[in-house]
Amino acid sequence: MPADSPTLSLAAQAEAALRDAFEAALGPEAAGADPIIRPSEHADYQANGLLALAKKLKGNPRELAGKVVAQLDGSPLFSHAEASGPGFLNLAFTDAALLGQLAARGADPRLGIGRTEARQVTVVDYSAPNIAKEMHVGHLRSTIIGDALVRLLAFSGSEVVRQNHVGDWGTQFGMLIEHLLENPELTGDDEDGDTPAISRLAALYKAARARFDTDEEFQTRSRRRVVALQSGDPETLAGWQEIVAESKTYFGEIYAKLGVLLTDEDIAGESSYNDELQGIADDLERRGVAVRSEGALCVFFDDVADKDGKPVPFIIQKSDGGFGYAATDLATLRHRVRDLKATRLLYVVGSPQALHFKMVFETARRAGYLPDGVEAAHVQFGSVLGADGKPFKSREGETIRLISLLDEAVARAKATIEERSPELADEAKEQRAKEVGIGAAKYADLSTSRTRDYVFDLDRMLSLQGNTGVYLQYAHARIRSLLARLAEAEPAPDGDTAPPLEPAERSLVRVLDEFGDVLAAVDESLEPHRLCGYLYTLAQTFSDFYEACPVMKAPTAQVRARRAAICELTGDTLALGLGLLGIAAPERL
């Protein structure tokens, strides 16, 4: 139940009214029946629930529909209700009901959207780049989808804890630290790369890898450095901390460019849980959740086997005593439930990790780390593809750097803005280019069902046609421009009474009224593309309204005020919806 006093949508009001009418007209056996309300081309909504109810009551659905229609006669909610077809109900709302929704939502800063009463603590794990490595296109989806979910869940009332589980531990750090300590000049600035931070890291990683692959003595020293790191040697730890600090600077610059909420305070790397790994292994073995197999500590599952039917082990501790992702992820999960008091755990990670998380969650359930009442979900997503339908790579076959994609999106947006709005100041052009270019890339990702792959195509993303972020930003800017002109326009003549709502007005107000229901559906499904689809429908419906219903040239002051209120709520809804996706809504384009 919402804690605030939200504006109940007309669909929800209609459902409640029909439930009451079903019981009143058809008797107690009809109590609780779902009216199954859907938008309709023939009315505002259509209810199809009587078809199933008729079977239960052993009645004629058409006759039952007639009884319900009679029961609805005189309802202040419906101007018209009629039986249709084999037993459908076509429902049209009164103008008063529609305008009441418009006024209530327009008067509320949250547009009539309430907050959830049961305040959950939701931990969202997303982005998760690797220390000392550049972020590439593969990090785009986790970062963008995770950020949108953080914003949406926080708006709905959850207490959201952001967690950036960076890869900051492992054998590769022996190689990196050894090379860094042997070459202290690498701590200076480097002109190559995107920023001084990533320039140093890129140079360090490339040089260290080249030495490691060709120099056996360096390999030996690097392996000794891993041992020194794990044992807490001060010099080695200092080198590791320098690499981590450089990486954090770079990550922060990427996140600022993307406009996501992650900060250094949200970073909780793999190293955070090192001291807990042996305890996790001992606890799982003591509980009988994990068993020794060929020297390794493993968990087995009845429904996880290889192609030969042999059980696939979930390795907690390797035969040499080392630990991998399994132990780290279990320690992480236990910390989030036990210490962060999470009631909902969301891992925004690619689809290839589905089996891993299935085994993590099942192991955690068996061990009691994931108690009843705590939800854990792998929010999986597909891949970013190139025009050839294959994983997005450069012409040289290398993974494309994320910063390169973002810079190109901004550059293309700037070229378009300079062509369309040459009068803008240079600073304004730069700001608009960032808002449009980054927004286009983010929207293209979010508007795709997250479990599907999608093609990264900047030409399509930056188009003013179709379901793009630019189209929605333009629709918002167009509305703000119209409202500014209305504020300076000559008053329209007074009329005796306001005429009935035009069909295009009714359609737009009805779509505006669905916003809260859409957000509730996204909160449950964790699918931001549903919000994108809604915003696109809203923008299209506004375009139809704008063509059919003059605003500046409305016939009377009453009609102009009504249409201005519709425009203002549409602009506010687009701005809030885009904001919840992490996308800017410029006042002007």
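**View 1. Helices α10 and α11 cross roughly perpendicular to each other.** In this predicted model, α10 covers residues 277-287 and α11 covers residues 325-338. Their axes sit 9 Å apart and the packing angle is about 90 degrees. That angle falls between 65 and 115 degrees, so the pair counts as roughly perpendicular.

**View 2. Here's a look at the residues where α10 meets α11.** From α10, the contact uses Leu277, Ile280 and Leu284. On the α11 side you'll find Ala327, Thr328, Leu330, Ala331 and Arg334. Sorted by class, the contact of α10 with α11 has 6 nonpolar residues, plus 1 polar and 1 charged.

**View 3. Now for the largest nonpolar core, with its 139 residues.** Leu89, Ile243 and Leu531 are the ones that touch the most other members. Zoom in on isoleucine 243: leaving aside residues up to four places away in sequence, its partners are Ile131, Ala132, Phe173, Leu176, Ile177, Leu180, Leu201 and Leu204.

**View 4. Another core, of 36 residues, lies apart from the largest one.** Val121, Val289, Phe314 and Ala326 are among its members.

**View 5. Stepping back, the whole protein chain has 20 helices and 13 strands.** Its C-alpha atoms fill a box of roughly 90 × 65 × 40 Å along the principal axes. Of the chain's 589 residues, 50% count as buried. The protein chain exposes about 27100 Å², and carbon and sulfur atoms supply 50% of that area. Among contacts in the chain with a separation of 6 or more, 72% come from residues 24 or more positions apart.

Definitions and conventions. Residues numbered from 1 in each chain as written. Predicted model: local features only at pLDDT ≥ 70, side-chain atom pairs only at ≥ 80, totals over all residues. Heavy atoms only, no water. Core = buried A, V, L, I, M, F, W, Y, C linked by side-chain atoms within 4.5 Å. Buried < 20%, exposed > 50% of the residue type's maximum accessible area, 1.4 Å probe, protein only. Contact = heavy atoms within 4.5 Å. Axes fitted to C-alpha atoms, helices over the stretch in contact; angles between N-to-C directions. Helix = DSSP H or I, 4+ residues; strand = E, 2+ residues; numbered from the N terminus. Parallel < 35°, antiparallel > 145°, perpendicular 65-115°, else oblique. Nonpolar A, V, L, I, M, F, W, Y, C, P; charged D, E, K, R; others polar. Areas by Shrake-Rupley, 256 points an atom, 1.4 Å probe, with all protein chains shown as cover.
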